[in-house]
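Student: I should like to examine how the descriptive terms applied to this structure are justified. May we take them one at a time?

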Amino acid sequence: PLNLRVIPWFEYGFASAYRQNGGRILAQYPDWAGCDRHGGLLTKNGFEWLNALDDRVQDFMLQLMLEVLTHYPVDGVQGDDRLPVFPVEGGYDRATQNLYYRETGREPPKNPRDPDWMKWRSDRLTQFLHRLYDQVKAVRPGAIVSMAPSPYPFGYEEYLQDIPTWIRHGLVDWLHPQLYRRTFKDYRRMVDAMLRYCTAPDGSPGILLAPGMLVKSGSYLISGDDLTRGLQYNHQTGLAGEVFFFAEAFFQNQGSLGTQLRNIRPGQSPKSPF
């Protein structure tokens, strides 16, 4: 038996569409749109964004996740580098500006990277995650809340993901930062940086910490040597495991990487890295 756990991945998160001028959601609910400082639709790297700071948008996403958890025999829910996330360039819709003024007595700065403005928006995302965590546990206490954010501090500087605060307040059970690098040297450097911020107050990880490893992307396929060294380094540093992006890598070339993985981790399937 593979002993798999099924955790739906809400990959798009607070993104509305990709190069579709907001897509179907914003066509139906245009006032849910995120806005940049020029008043235009918030767009970053081709993705168009909902206003992740809007209570209605947050309620929509929360209800969707709880619906899946309630009606299907899944083991938890997972967000990623778009949940909970809001591009740092956003927050300039009228409702968010008014809310910021009511709470701080100031207008939002024109500079979207103003530290206080960044923290205020990031805190609202953290509050959403807190609400998500509490409601998931109320529906099913044993359900897993898993997150696969961008690496910190990049994830904070560009998308307002305050991972150290998530960890400090116990808002995630499993954390899988996406350490997607194409050489072992670069991957090791990312693991070392991750271990500096993914710690509880007592110095322990405090959560199940298993980074995302890039094993395939387009024509790229990880080498056998880099796979072995990456897994050995994860074990050496005391990590709980790893998440592979993505599984098809282990079935290419007559399954050579899959065979190698089984030899590194005896008795485990390439689809079950834990």
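**Terms and their grounds**

Tutor: Let us begin with strand 5 (residues 144-147) of this predicted model. Both of its faces are covered, with Ile-144 and Ser-146 buried on one side and Val-145 and Met-147 buried on the other.

Student: What makes Ile-144 and Ser-146 fall on one side and Val-145 and Met-147 on the other?

Tutor: In a regular strand, side chains alternate between the two faces of the sheet. The assignment for strand 5 places Ile-144 with Ser-146, and Val-145 with Met-147.

Student: How do you know that strand 4 and strand 5 pair?

Tutor: Pairing requires at least two bridges, and 4 bridges join strand 4 (residues 76-79) to strand 5, so the two strands count as paired. They run parallel, and Gly-79 stands opposite Met-147 of strand 5.

Student: Why is strand 6 also called a partner of strand 5?

Tutor: The requirement is at least two bridges, and 2 bridges join strand 5 to strand 6 (residues 174-175), so this pair qualifies. These strands run parallel, with Ser-146 opposite Trp-174 in strand 6.

Student: Why is Ile-167 called buried?

Tutor: Ile-167, found in helix 6 (residues 163-168), has 6% relative accessibility. Buried means under 20%, so Ile-167 counts as buried. In addition, Ile-167 and Gln-260 are 93 residues apart in sequence and 34 Å apart in space, C-alpha to C-alpha.

Student: What makes a space a cavity, and how many cavities of 30 Å³ or more are there?

Tutor: A cavity is a space where a 1.4 Å probe fits but cannot get out. The count is 1 cavity of 30 Å³ or more. The largest cavity holds about 70 Å³ of space, and its lining includes Arg-181, Phe-184, Tyr-187, Leu-214 and Asp-226. Helix 7 (184-197), strand 8 (212-214) and helix 8 (224-236) each give two or more residues to that lining.

Student: How is the lining of the largest cavity divided by class?

Tutor: It has 6 nonpolar, 2 polar and 3 charged residues. Gly counts as polar, so Gly-230 of the lining belongs to the polar class.

Student: Why is the second largest pocket called a pocket and not a cavity?

Tutor: A pocket is an open set of points, whereas the probe cannot get out of a cavity. The second largest pocket contains about 420 Å³ of space. Of its 19 lining residues, Asp-81, Arg-82, Ser-150, Gln-178 and Tyr-180 lie nearest its centre. Strand 3 (47-49) and helix 5 (154-159) each supply at least two lining residues, and the lining divides into 9 nonpolar, 4 polar and 6 charged residues.

Terms used
Residues are numbered from 1 along each chain as its sequence is written. This is a predicted model: local features need pLDDT of at least 70, side-chain atom pairs count only at pLDDT 80 or more; totals for chains, interfaces and linings use all residues. Side-chain values use heavy atoms; hydrogens and water are left out. On a 1 Å grid over the protein atoms alone, a cavity is a set of points where a 1.4 Å probe fits but cannot get out, and a pocket is an open set with protein on both sides within 12 Å along at least five of seven lines; lining residues have an atom within 4 Å of a point. Grid points are joined across faces, edges and corners, and a volume is the space filled by probe spheres set on the points. Buried means under 20% relative accessible area, exposed over 50%, partly exposed in between (1.4 Å probe, protein chains only).
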